[in-house]
Amino acid sequence: MSLTTDFIAELIRAANGPGQLTHYEISRLLDRSIDTIRDMREQTGAEGAHHARDVLIDLRISSERARDLSAEEVKDALVDAADVIRTLKMLLERTL
């Protein structure tokens, strides 16, 4: 799971310096987050547990609008992604 931990750290570092990222880098990080969350949900069996305001929807919209996001919106999206991945990582570690 060290790749997951490394990715969480990458998201947090990016969130701490959103002005240093290109729009492409922001979009790419958010897309990787979406893929990671989907894969981890599948592993935990949580893929069917979708909420009305699912974080994947918000991340997809942020990825598509990366060029128009403020630094604060970028930070919020990256931190949200890191939070969800960290939570899923803890769930997976408990089941192993």
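The protein chain in this predicted model holds four helices and zero strands. Read along the sequence, that gives a plain α-α-α-α pattern. Of the chain's 96 residues, 38% count as buried. Much of the contact map is long-range: taking contacts between residues at least 6 apart in sequence, 73% join residues at least 24 apart.

Helix 4 is a good place to start. Running over residues 71-95, it has 25 residues and reaches 37 Å from its first C-alpha to its last, close to the 36 Å expected at 1.5 Å a residue. Its buried residues are Val 74, Ala 77, Leu 78, Ala 81, Ala 82, Val 84, Ile 85, Leu 88, Lys 89 and Leu 92. What covers them includes helix 1 (2-16), helix 2 (23-44) and helix 3 (55-64).

The largest nonpolar core takes in 25 residues, and those touching the most other members are Leu 11, Leu 29, Leu 30, Ile 37, Leu 59, Leu 78 and Ile 85. Helix 1, helix 2, helix 3 and helix 4 each give two or more residues to this core. Helix 4 gives the most, with nine residues. Leu 29 shows how one of these well-connected positions is wired up: setting aside residues up to four places away in sequence, Leu 29 touches Phe 7, Glu 10, Leu 11, Ala 14, Leu 21 and Leu 78. Two of the residues on that list, Leu 11 and Leu 78, also appear among the core members with the most contacts to other members.

Helix 2 tells a similar story. Its 22 residues should span 32 Å at 1.5 Å a residue, and its end C-alpha atoms are 31 Å apart, so the span agrees with expectation. Buried along helix 2 are Ile 26, Ser 27, Leu 29, Leu 30, Asp 31, Ser 33, Ile 34, Ile 37, Met 40 and Arg 41. The cover over these residues includes helix 1, helix 3 and helix 4. Just past the helix comes Gly 45, with a positive phi near 80°.

Two hydroxyl-bearing positions in helix 2 are worth a closer look. Ser 27 sits in helix 2 and is buried, with a relative accessible area of 17%. Not counting residues up to four places away in sequence, Ser 27 touches Ser 63 and Ala 66. Thr 36 is also placed in helix 2, but counts as partly exposed because its relative accessibility is 21%, and the cut-off for buried is under 20%. Beyond its neighbours within four places in sequence, Thr 36 is in contact with Phe 7 and Ile 85. The C-alpha atoms of Thr 36 and Val 84 are separated by 9.9 Å, although the two residues are 48 apart along the chain.

From helix 1, Thr 4 makes a handy comparison. Thr 4 is found in helix 1 and, at 14% relative accessibility, counts as buried. Leaving aside neighbours within four places in sequence, its contacts are with Met 40, Ile 85 and Lys 89. Met 40 is one of the buried residues of helix 2, while Ile 85 and Lys 89 are among the buried residues of helix 4. Ile 85 turns up again in the contacts of Thr 36.

That leaves the pairing of helix 3 with helix 4. Two packed helices are described by the angle between their axes and the distance between the axes. Here the axes come within 10 Å and cross at roughly 145°, and the crossing is left-handed. On the helix 3 side, Val 55, Leu 59 and Ser 62 meet Ala 77, Asp 80, Ala 81 and Val 84 of helix 4. By class, this contact has five nonpolar, one polar and one charged residues.

Ser 62 belongs to that contact and lies in helix 3. With a relative accessible area of 14%, Ser 62 is buried. Apart from its neighbours within four places in sequence, Ser 62 is in contact with Leu 30, Leu 69 and Ala 77. Leu 30 is one of the buried residues of helix 2, and Ala 77 is one of those in helix 4. The C-alpha atoms of Ser 62 and Val 74, 12 residues apart along the chain, are separated by 7.7 Å.

Key: Residues numbered from 1 in each chain as written. Predicted model: local features only at pLDDT ≥ 70, side-chain atom pairs only at ≥ 80, totals over all residues. Heavy atoms only, no water. Expected span 1.5 Å × (residues − 1). Buried < 20%, exposed > 50% of the residue type's maximum accessible area, 1.4 Å probe, protein only. Contact = heavy atoms within 4.5 Å. Core = buried A, V, L, I, M, F, W, Y, C linked by side-chain atoms within 4.5 Å. Axes fitted to C-alpha atoms, helices over the stretch in contact; angles between N-to-C directions. Left-handed = near helix turned anticlockwise from the far one by under 90°. Nonpolar A, V, L, I, M, F, W, Y, C, P; charged D, E, K, R; others polar.
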